[in-house]
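Here are my notes on the model you sent over. I've put them as numbered points so you can follow along with the structure open.

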Amino acid sequence: MTYKLGTIAILATMTAGAGMAQDANTLAIVVKGLDNPFFEQINLGCQQWMAENPDSQYTCLYTGPASSADEAGAVQIVDDLISAGVAAIAISPSNAPAMANRLRALAPDIPIMTIDADLLPADSDLRATYLGTDNYLMGVAMAEQAAALKPEGGTVCLQLGNVAAANINARAEGFRDTAGGEAGIDRLTGQNGWTEIEGCPVFTNDQADLANQQMSDVFTANPDLDAFILIGGWAQFAPQAYAQVTDQVMDRMESNELIVIAGDTLPPQTQAFREGRSHAQVGQRPFEMGLRAPDVMIQLLNGETVEDPLFTGLDTCNQTEPGFCADN
């Protein structure tokens, strides 16, 4: 059975009394928030692992705070799982420093790995491996798509997630370095023709409604903007709102005066792509993350050597080569 928990209270009920024996065989996946459809794909991978391993002594548990903005809640859930005595945990930290601080204080004696989002390099000793996207490379791919459409560069706004989300910040780093043609760019100020506009980047806190409002505000305040880069797919996770926002600028998008590049390739996003509401999508493979994580945790429990990192690859769709986005 796969448990899907939205609150610490439910988690506490599950781990009380007789549940403690079961928790010793629990492989927990803790995501940033249950409100994000990206993480639901990780849940589906976790469920698929359960279906494929009905005789395993282990259970795959998918959980996280109700809201992706609840950074403290994610840390508390990890704290509770460690206290409950689960076998191993795969964590997607929304606030990498805060999660690392708690792990260092707890010093758990169970395998800890990260999934989807990693800890900062300085804290890599706190986890055995990272399973997920090469986020820097994802940013590189997004910059390459932008450069193909705007070879002379232009004005650009980056839309990011939580300020302390290491995976999102790595994508932004990859984008800036590639677009600007040099490493270590904190902000694009004309390198290779690219300039980040005033007021950007904007931070969504992983909230789709806020992401769409930010896009609308940026488009209104900057009618000559050349590129908007959704480093994550937040705005597209609310299809109706995203359609209304892009309706404001569809004439400029159709002529490539304004280009929109977005992260991820979930169904509402590929639909938006087919409707011409983005020029390219650079997608991760969250289902694969959820499917592989339990096996990696079992390897760690068995004392096996596990490669670090474990990258799951990318899928890119653009108007010239739509790939699987044309059908999904």
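1. Let's begin with the largest pocket. By class, its lining has nine nonpolar, three polar and two charged residues. The volume of this pocket comes to about 250 Å³, and 14 residues line it, with D118, L119, N135, A166 and A170 the closest to its centre. Two elements, α6 and α7, give two or more residues to the lining, and α7 gives the most, with three residues. Do keep in mind that this is a predicted model.

2. Next, the second largest pocket, with a volume of about 170 Å³. Its lining includes Q41, T265, L266, P267 and T270, and also Q284, R285, P286 and F287. D315, F324 and N328 line this pocket too. Both α11 and α12 (286–301) supply at least two residues of the lining. By class, the lining divides into five nonpolar, five polar and two charged residues.

3. How many cavities of 30 Å³ or more turn up in a search of the whole structure? The search finds one. About 120 Å³ of space lies in this largest cavity, and of its 15 lining residues, N36, I168, R171, W234 and D264 are the closest to the centre. The lining splits into five nonpolar, five polar and five charged residues. Helices α3 (37–52) and α7 (166–180) each supply at least two of them, and α7 has the largest share, with three residues.

4. On to the nonpolar cores. The largest one has 45 residues, and F175, F228 and I229 touch the most other members. Helix α6 (residues 135–149) gives the most to this core, with five residues. Apart from it lies another core, of 29 residues, among them L27, V31, I115 and V296.

5. F175 deserves a closer look. Leaving out residues up to four places away in sequence, F175 touches G139, V140, M142, A143 and A146, along with V156, L158, L188 and I229.

6. Q145 is worth a click as well. You'll find Q145 in helix α6. Is Q145 buried or exposed? Its relative accessibility is 15%, so Q145 counts as buried, the cut-off being under 20%. Beyond residues up to four places away in sequence, Q145 touches I261, A280, V282, T316 and N318.

7. Helix α9 (residues 239–247) has two sides to compare. Y242, A243, V245 and T246 are buried. Seen down the axis of α9, these buried residues fall within an arc of 165°, so they line one face of the helix. On the other side of α9, Q240 and Q244 are exposed. What do the buried residues of α9 pack against? Their partners are α8 (208–221), β10 (227–230), α10 (250–254), β11 (259–263) and α11 (267–274).

8. Last, F311, which is found in strand β13 (residues 310–311). F311 has a relative accessible area of 42%, so it counts as partly exposed; that class runs between the 20% and 50% cut-offs. Residues up to four places away in sequence aside, F311 touches Y130, G132, T133, D134 and R292. F311 and N135 are 176 residues apart in sequence, yet their C-alpha atoms are 9.4 Å apart in space. N135 also appeared in point 1, as one of the residues closest to the centre of the largest pocket.

Terms used
Residues are numbered from 1 along each chain as its sequence is written. This is a predicted model: local features need pLDDT of at least 70, side-chain atom pairs count only at pLDDT 80 or more; totals for chains, interfaces and linings use all residues. Side-chain values use heavy atoms; hydrogens and water are left out. On a 1 Å grid over the protein atoms alone, a cavity is a set of points where a 1.4 Å probe fits but cannot get out, and a pocket is an open set with protein on both sides within 12 Å along at least five of seven lines; lining residues have an atom within 4 Å of a point. Grid points are joined across faces, edges and corners, and a volume is the space filled by probe spheres set on the points. Helices (H or I, at least four residues) and strands (E, at least two) are DSSP runs, numbered from the N terminus. Ala, Val, Leu, Ile, Met, Phe, Trp, Tyr, Cys and Pro count as nonpolar, Asp, Glu, Lys and Arg as charged, and the others, Gly among them, as polar. Buried means under 20% relative accessible area, exposed over 50%, partly exposed in between (1.4 Å probe, protein chains only). Contact means heavy atoms within 4.5 Å. The arc is that of the directions from the helix axis to the C-beta atoms. A nonpolar core is a set of buried Ala, Val, Leu, Ile, Met, Phe, Trp, Tyr and Cys residues joined through side-chain atoms within 4.5 Å.
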